[in-house]
Amino acid sequence: MNELLHSPLAVVLVAAAATFIWRALGAVLVGRIDPEGAVVRWFTLTSYALLAALVVRLVGLPTGSLGTVSLSIRLTAVVVTLAVWWATGRSVLLGVLAGTGCLVAAVAWAPGF
Amino acid sequence: MLDQDHNRYHDRIAYNLRLSEPKVTKSESRAAAFRGFRDAIGVPLLLVGGGMTGFGALAHDIGFASWEAVLASVLVWALPAQVVAADLYTSGGDLVAIAIAAALASMRFFPMAVALLPTLDNSAGGQLGRIAQAQLMSATSWAFLMRGSAPSDPRLRLAYHTVFALTCLSIGAIGTLAGYLGAAGLPRPLALGLLFLNAASFTVLLAETRSRQALLAVLLGAGLCAPIHMVLPEASLVLASVIGGTVAFVFGDRLRKPAS
């Protein structure tokens with residue numbers, strides 16, 4: 001039982017249920033909620049804060065293989081992502097490709113950086 | 001009172017849309033559906049495919065089976081919630097912690113559904129049809145349906161959204177599998193690159209933030225995460241987002257109001 005609760009399948013089903021609840025609630029409450037109201041504004045701001053905290057965890061406190069890459073490489077890759085995104089007139093694709101390419105190149109040729 | 005006004009408002013929109021476009025032929029429906037497919041295999045293919053490739057690599061890294069990775073993309077169908085769940089799973093979070101964090105990550109689907117669903121025809125589907133469209137909806141499909149160039153007739157929008165979102169879902173499933181296999185088979189630097197994709201795309205997404213209030217939430221969420229992590233590693237994500245979002249909400253709202 002304990003193993004089942006910590007299985008990937010249980011994690012997937014829990015995450016799916018946690019997401020489905022909001023979708024279904026939105027479908028049921030259509031027309032009864034002000035999309036510009038205070039609750040919705042709090043939801044949006046909290047989502048932004050969560051995504052920012054998630055980036056800090058993924059880059060700064062990685063739990064998996066990314067943790068074997070030095071922090072300086074990870075941070076440089078984020079800076080390159082933002083710099084190229086900004087320099088190319090806010091191109092999401094080029095920014096992401098450049099940052100990822102930077103990480104790949106650094107791991108391949110300068111792993112001690 | 002407010003509820004009634006809103007109901008009336010949406011009824012009026014639906015009524016006006018029906019009046020202005022009285023007939024939708026089968027060929028128009030088919031054309032809208034095809035446009036949904038064509039639009040989805042452009043920029044969304046890169047956005048959804050790239051994001052889900054990153055998730056597939058992450059799923060491999062933390063020991064999911066390939067089918068579990070694809071199932072996650074198809075059933076959850078919300079990249080931040082998937083990445084949050086995977087991150088907490090590997091750091092030892094229990095199911096309750098994962099449920100709370102995933103629910104926070106997916107909260108935005110509620111206002112998105114409230115805004116999108118009334119613009120899709122619902123004469124045949126009923127409540128279940130609405131819920132099905134809400135389940136298919138993604139940040140990408142929402143953004144494309146809200147563009148001025150999307151079809152305006154509710155029935156054409158329904159055909160457009162259904163095909164657009166199903167195409168994105170297929171791309172997402174294929175991308176997940178590709179990322180999973182890539183992380184398993186590619187040389188180490190490239191596999192790590194796949195793992196970095198999500199962090200890079202979320203970073204750019206946050207940099208796109210326009211409002212100062214949202215920027216405050218981003219800075220607070222990022223700034224609070226590491227210090228909280230030192231004390232309560234499992235709760236750092238949830239606490240940083242709730243505190244960051246609430247502080248930005250309270251102070252940002254005060255800033256928005258003119259001084260009296």
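**Two interfaces of chain B**

Okay, let's start with one pair: Asp87(B) and Arg57(A), whose side chains form a salt bridge, N to O at 2.5 Å. Keep in mind that this is a predicted model. And that pair is it for salt bridges here, since the count between chain B and chain A is one. Polar contacts between chain B and chain A come to 15 residue pairs, both partners at pLDDT 80 or more.

So which helix of chain B gives the most to the side that touches chain A? That's helix 11, residues 188-207, with 17 residues. Going by residue type, that side of chain B splits into 62 nonpolar, 21 polar and 12 charged.

Now the whole interface. We have 95 residues of chain B in contact with 72 of chain A. About 7,400 Å² gets buried between the two chains, and carbon and sulfur atoms give 77% of that. On the chain B side, Met107(B), Phe110(B) and Phe196(B) lose the most area to chain A, together 11% of what that side buries.

Okay, inside chain B. The domain assignment gives domain 1, 28-206, and domain 2, 209-260, with C-alpha centres 25 Å apart. Here 11 residues of domain 1 touch seven of domain 2, and the buried area is about 650 Å², 66% of it from carbon and sulfur atoms. Leu88(B), Leu104(B) and Leu206(B) supply 54% of what domain 1 buries against domain 2, more than any other three residues.

How many salt bridges across that domain interface? Zero. There's one residue pair in polar contact, both at pLDDT 80 or more. Helix 6 of chain B gives the most to the domain 1 side, with four residues.

Key:
Residues numbered from 1 in each chain as written. Chains lettered and ligands numbered in written order. Predicted model: local features only at pLDDT ≥ 70, side-chain atom pairs only at ≥ 80, totals over all residues. Heavy atoms only, no water. Contact = heavy atoms within 4.5 Å. Buried area = accessible area lost by both parts, 1.4 Å probe. Salt bridge = Lys/Arg side-chain N within 4 Å of Asp/Glu carboxyl O. Polar contact = N/O pair within 3.5 Å; in protein donor to acceptor, adjacent residues only side chain to side chain. Helix = DSSP H or I, 4+ residues; strand = E, 2+ residues; numbered from the N terminus. Nonpolar A, V, L, I, M, F, W, Y, C, P; charged D, E, K, R; others polar. Domains from an automatic or database assignment.
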